[in-house]
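Student: Please choose one part of this structure and examine it closely. I should like a connected account that ends by setting the part against the rest of the model.

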Amino acid sequence: MTGVGKLGWVLAAVCFFLYAPIAIVIVMSFNASKIPFQWTGFSTKWYSELFANASVLEGLRNSLIVGVSTMILSVVLGVLLAIGITRHSTSSAVQALALAPAIIPDLALAIGLLALFSAISFPLGLTTVILSHTIFCMAFVAAIARGRILQIDPALEEAALDLGDTPRGVFFRVTVPSLMPAIIAGALLAFTLSFDEFVITFFTNGPSTPTLPIVIYSMVRFGVTPEINALASLVLLFSVAIVLISQRSVKLSQSI
Amino acid sequence: MTVLLDIHNVSKAFDQLAALDNVSLQIHTNEFFAILGPSGSGKTTLLRALAGFESLDSGQIVLDGQDVADVPPNERPVNLMFQSYALFPHMTVFDNVAYGLRREKRPQGEIAERVTSLLATVGLGDMATRRTHQLSGGQKQRVALARAIVKRPKILLLDEPLSALDRKVREDMQLELKRLQHEVGITFVVVTHDQEEAMSMADRIAVMDQGRVEQVATPVELYKNPGNPFVANFIGTSTLLRGHLSSGRLHLTNGVKVPCSLPSEDGAEIWLMLRPEDISQTPAGAITGTVISTNFYGPNCLVVAECGLEIPVKYLVGNSEVPRVGDATKISWAGDTGVVVRAS
């Protein structure tokens with residue numbers, strides 16, 4: 001314990017609280033018994049039951065639609081927003097306002113959006129969920145892209161223009177490739193944020209198109225079943241994979 | 001000598017502050033021209049205006065008979081080599097150099113041929129497939145240079161081309177730039193704050209200060225006949241004594257009289273510019289002083305001495321006569337040496 005010192009027990013406690021629940025979920029997802037915390041043998045039956053569950057599959061489908069749409073919209077808008085606030089504005093108020101949706105409490109954003117959609121009688125459904133997710137995901141993408149833009153030599157774009165390229169050509173041949181690490185990281189972050197988002201989805205979604213977190217929530221209300229453990233384990237695996245991919249791709253494209 | 005670029009009464013202000021104040025310059029075909037000035041002199045603004053990145057408040061930039069002041073940078077037959085080189089990090093050396101030709105929609109074969117032969121010319125024949133981050137500073141500069149001349153611009157603009165290089169590489173590149181300019185036959189306009197760089201490479205130099213052109217001349221002329229005190233002070237090392245001439249002597253404002261028999265009207269305020277090599281240290285010297293610093297170069301040594309002449313005097317001695325700081329010294333100069341400089 002010399003390396004960690006006297007506070008080693010704090011570290012141990014923190015790690016326990018962080019990882020024990022995750023470990024329990026994973027272990028229990030392979031428990032043959034239906035009763036929690038009573039190990040009766042290894043089984044993968046909850047996973048097969050999960051894939052036979054129509055409402056789970058429906059939720060997964062909706063979440064993927066929302067995640068991918070949000071990812072595309074927020075990358076396009078977020079990158080443009082980042083270019084706008086770094087290159088074409090010196091006002092710190094504009095920057096703060098542009099990035100604020102990332103830190104506004106979900107609940108406030110959710111209530112506000114619901115009020116807005118009702119006021120203009122916009123029917124609630126996946127479209128409203130996608131629009132709502134895009135609002136805060138876009139701010140995260142913009143924050144990441146802004147950091148990258150500040151690192152790039154502004155002379156790169158001037159050089160391309162000087163070599164006879166059109167402003168549009170410069171954007172696609174120089175600006176976008178230079179921002180690629182931020183674009184990939186932002187896209188994956190936007191997808192993961194949207195994929196397991198609950199509060200805003202709960203407020204802005206219609207009743208006929210539940211996303212995966214909403215489906216899980218309605219299942220959990222009747223108790224945590226092993227099926228849910230299996231689902232949670234899969235979501236965890238999926239998210240970790242995305243984070244790993246994003247870290248790798250950022251490293252890769254930064255070394256280029 | 002035909003005028004290729006005529007910069008006519010060009011002015012530009014940023015927030016009321018004049019960066020270019022009625023600048024006029026003429027640059028000839030196939031000339032190696034340098035714009036030299038301290039930072040804030042407006043030289044970079046002028047270069048960016050020539051490339052099309054700064055709009056003008058007034059004046060014309062006439063290139064080969066055509067006013068280009070309102071032509072956007074991507075349509076000007078001028079290329080700029082950036083101080084930071086601005087190589088595209090996501091492309092290979094070949095793709096960097098080919099960028100301009102591809103925008104011209106040249107045939108593949110022609111692009112490959114021109115890029116390859118130019119890379120060979122700048123000594124990077126075997127580097128075509130490298131990424132730019134794998135290159136040394138000198139190699140990056142060669143890529144930037146190749147990329148900027150591959151389109152055969154009428155003028156190549158170079159922004160502080162050697163400032164990012166080590167001393168040794170810099171000396172090689174000075175020669176290299178001269179050689180290339182001859183070889184490709186393109187007019188070069190270099191912006192620099194380094195007078196040594198300008199003096200050693202340029203055919204003619206425009207000295208700028210505070211947005212104005214102070215003097216345009218050959219390096220030798222600038223050194224020998226500076227047009228005003230700023231140029232005299234900025235180019236090379238000099239001792240500038242201010243006073244008025246009267247009966248073959250210069251009367252300094254503190255009352256001291258020093259020799260000066262150069263022709264000039266009596267009574268007018270002038271500066272006498274003495275180069276270090278004009279002044280000699282000799283036991284028979286009439287002017288006495290104390291050495292306050294020495295700067296040893298090898299073959300000789302620059303001595304700075306306080307001689308009661310309002311400003312310290314700078315002079316050269318051979319490497320066998322180097323005094324020590326604090327030593328008493330005696331110096332003299334002939335009355336007909338130096339140059340009379342008037343305020344412009």
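Tutor: The account below takes up the enclosed and open spaces of chain A, and then turns to chain B for context.

This is a predicted model, in which local features need pLDDT of at least 70 and side-chain atom pairs count only at pLDDT 80 or more, whereas totals for chains, interfaces and linings use all residues. Residues are numbered from 1 along each chain as its sequence is written, chains are lettered from A and ligands numbered from 1 in the order in which they are written, and side-chain values use heavy atoms, with hydrogens and water left out.

Chain A has 11 helices and zero strands (helices are DSSP runs of H or I of at least four residues, strands are runs of E of at least two, and both are numbered from the N terminus). Read from the N terminus, its elements are therefore written as an unbroken series, α-α-α-α-α-α-α-α-α-α-α. The C-alpha trace of chain A extends over about 70 × 60 × 35 Å along its principal axes. Its residues are assigned to domain 1 (1-43) and domain 2 (53-255), with bounds from an automatic or database domain assignment. Between the C-alpha centres of these two domains of chain A there is a distance of 31 Å. Eight residues of domain 1 of chain A touch seven residues of domain 2 of chain A, where contact means heavy atoms within 4.5 Å.

Rolling a probe the size of a water molecule over the atoms shows where empty space is left. Three cavities of 30 Å³ or more are found in the structure (on a 1 Å grid over the protein atoms alone, a cavity is a set of points where a 1.4 Å probe fits but cannot get out; lining residues have an atom within 4 Å of a point). The largest cavity holds about 60 Å³ of space, a volume being the space filled by probe spheres set on points joined across faces, edges and corners. Its lining consists of A:Ile83, A:Arg87, A:Ile149, A:Ile152, A:Asp153, A:Leu156, A:Glu157, A:Val174, A:Thr175, A:Ser178 and A:Leu179. Helix 3 (54-87), helix 7 (155-162) and helix 8 (167-195) of chain A each supply two or more residues to this lining. The greatest contribution is that of helix 8 of chain A, at four residues. By class, the cavity lining comprises six nonpolar, two polar and three charged residues (Ala, Val, Leu, Ile, Met, Phe, Trp, Tyr, Cys and Pro count as nonpolar, Asp, Glu, Lys and Arg as charged, and the others, Gly among them, as polar).

An open space draws on these helices as well. The second largest pocket contains about 310 Å³ (a pocket is an open set of points with protein on both sides within 12 Å along at least five of seven lines). Around this pocket stand A:Ile83, A:Arg87, A:His88, A:Pro154, A:Glu157, A:Glu158, A:Leu161, A:Pro167, A:Val170, A:Phe171 and A:Thr175. Helix 3, helix 7 and helix 8 of chain A are the elements that give two or more residues to the pocket lining. Here too helix 8 of chain A gives the most, with four residues. The pocket lining divides into six nonpolar, two polar and three charged residues. A:Ile83, A:Arg87, A:Glu157 and A:Thr175 belong to the lining of the largest cavity and to that of the second largest pocket.

Chain B supplies the context. It is divided into domain 1 (3-224) and domain 2 (238-341), whose C-alpha centres lie 39 Å apart. One open sheet of chain B has six strands in the order 6-7-8-3-9-10, with mixed pairing (two strands pair if DSSP finds at least two bridges between them). At its edges are strand 6 (78-81) and strand 10 (212-217) of chain B, each paired on one side only. Within this sheet, strand 7 (residues 155-159) and strand 8 (residues 187-192) of chain B run parallel over five bridges, and B:Leu158 has B:Val190 as its bridge partner. Strand 9 (residues 204-209) and strand 10 of chain B are antiparallel, also with five bridges; there B:Ile205 is the bridge partner of B:Ala217. A second open sheet of chain B has four strands in the order 2-1-4-5, with antiparallel pairing.
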